Amino acid sequence: MARVLSGVQPSGEMHLGNYLGAVRQWVSHQQEHDAYFCIVDLHALTIEIEPQHLRERTLDAAVNLLAAGLDPALCTVFVQSQVPEHPRLTWLLECTTAMGELRRMTQFKDKGRGQEDVRVGLFTYPVLMAADILLYDAERVPVGDDQRQHLELARDLAQRFNQRFGTTFVVPDAAIPQVGARVMDLQHPERKMSKSVSSPLGTIGVLDDPADIERKIRKAVTDTDGDVRYDPSTKPGLSNLLDIFAAASGRRPQEIASEYQRYGDLKRDAADAVIELLRPVRERHGEYSADLSGVRAVLETGARKAHEVASATYLRAAEAVGLLMR
Ligand code: TRP
């Protein structure tokens with residue numbers, strides 16, 4: 001079974017875009033792959049965050065992943081900081097990374113914007129991410145398109161290390177495994193659904209109750225030509241609803257469009273499909289939230305399993321660079 005690894009920031013509630021765009025694919029990966037999911041709390045420290053929030057969101061992220069359907073019997077869910085090899089390997093990799101390589105990272109350029117007080121951790125963020133991937137000999141890394149450049153860096157670092165110190169790391173596949181639906185904001189269909197852009201009516205949380213989901217979809221921005229047609233460039237709002245409906249029902253948006261004459265009917269049925277899609281997520285969320293010690297136990301087991309793999313890789317790397325082993 002191919003080893004798959006992905007990482008998720010502990011950043012609060014999951015929305016429909018995260019779920020349909022990534023997490024649902026992970027749930028299907030766990031069946032045919034040896035899958036690892038890492039809650040990257042060390043990455044979260046690269047920007048200002050309240051200690052108590054970080055701790056809560058880390059546990060929330062675990063609850064959300066399990067609610068979304070990750071099954072601890074099939075995959076490994078763990079918290080990055082609970083496996084000490086992540087920062088240890090990061091150091092070894094940093095010592096083979098050029099400043100210029102990190103300066104080119106578009107995410108750093110966007111977030112850092114040349115501020116004098118930008119943190120070193122934000123600068124070296126991609127190296128920590130490379131360590132996350134390389135520690136587990138991951139072949140496939142399902143991430144969003146915005147992480148493509150970071151994945152490329154992980155490949156470069158692995159290849160360079162292998163060349164300089166002998167084969168140590170598996171070089172991950174450059175191809176990002178098939179991604180899920182791209183879900184746009186319901187009020188501003190030209191931009192991605194995102195919780196960082198505050199748009200309460202535009203974002204569907206996976207835990208929203210059915211009445212809220214129904215209301216948000218009913219109020220979703222469409223257009224005035226009244227024709228139900230799938231055409232993302234001229235009808236972005238309506239096409240987004242068709243995409244969401246299609247992803248929720250496993251059908252094609254064009255096929256769905258052909259069955260409707262009125263926006264209102266389409267919205268009603270799209271809302272029903274989303275409500276049904278999210279119902280089991282909401283239910284599992286209730287169960288896991290009521291059993292946080294069970295969730296902690298899942299993370300404990302996950303950290304132990306992850307540590308077994310990570311420590312073997314780290315030892316290989318440490319030995320290769322010439323550290324004196326105990
Ligand atoms: N940087 C990724 C993001 O923001 C999260 C991440 C951290 C990650 N480590 C990873 C993703 C390792 C895949 C593999 O989405």
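Biologist: Which side chain has an N or O atom 2.7 Å from a nitrogen atom of the ligand?

Modeller: The model discussed here is predicted. Among the residues around the ligand are Tyr125, Asp132 and Gln147. A polar side-chain atom of Asp132 lies 2.6 Å from a ligand nitrogen, and for Gln147 the distance is 2.9 Å. The side chain with an N or O atom at 2.7 Å from a nitrogen atom of the ligand is that of Tyr125.

Biologist: How much of the accessible area of the ligand does the protein cover?

Modeller: Polar side-chain atoms approach ligand nitrogen atoms, including one of Asp132 at 2.6 Å. On its own, the ligand has 370 Å² of accessible area. Of this area, the protein covers 89%.

Biologist: Which element gives the most residues to the shell around the ligand?

Modeller: Two elements, β1 (3–8) and α7, each give two or more residues to this shell. The contribution that exceeds the others is four residues, and it comes from α7.

Biologist: How many residues of the shell around the ligand are charged?

Modeller: The shell includes Leu5, Ser6, Val40, Asp132 and Ile133. By class, seven of its residues are nonpolar and four are polar. The number of charged residues is one.

Biologist: Is Val143, one of the residues around the ligand, buried or exposed?

Modeller: Val143 is found in the loop between α7 (120–134) and α8 (148–165). Its relative accessibility is 13%, and a residue under 20% is classed as buried. Val143 is therefore buried.

Biologist: What is the geometry of the ring pair formed by Phe108 and Phe123?

Modeller: The structure holds eight aromatic pairs, and the ring centres of Phe108 and Phe123 are 5.0 Å apart. Phe108 belongs to helix α6 (residues 106–112) and Phe123 to helix α7, so this pair ties together parts that are 15 residues apart in sequence. Both residues are buried. Because the ring planes stand at 65°, the pair is edge-to-face.

Biologist: What is the geometry of the ring pair formed by Phe161 and Phe165?

Modeller: Phe161 and Phe165 both lie in helix α8, four residues apart, which is about one turn of the helix. Their ring centres are 4.8 Å apart. As the planes stand at 55°, the pair is tilted.

Biologist: Which of these two residues, Phe161 or Phe165, is partly exposed?

Modeller: Phe161 has a relative accessible area of 0% and is buried. A relative accessible area of 24% falls between the limits of 20% and 50%. The partly exposed residue is Phe165.

Notes. Residues numbered from 1 in each chain as written. Predicted model: local features only at pLDDT ≥ 70, side-chain atom pairs only at ≥ 80, totals over all residues. Heavy atoms only, no water. Buried < 20%, exposed > 50% of the residue type's maximum accessible area, 1.4 Å probe, protein only. Near = heavy atom within 4 Å. Polar contact = N/O pair within 3.5 Å; in protein donor to acceptor, adjacent residues only side chain to side chain. Areas by Shrake-Rupley, 256 points an atom, 1.4 Å probe, with all protein chains shown as cover. Nonpolar A, V, L, I, M, F, W, Y, C, P; charged D, E, K, R; others polar. Phe/Tyr/Trp six-rings, centres within 6.5 Å; stacked < 30°, edge-to-face > 60°.
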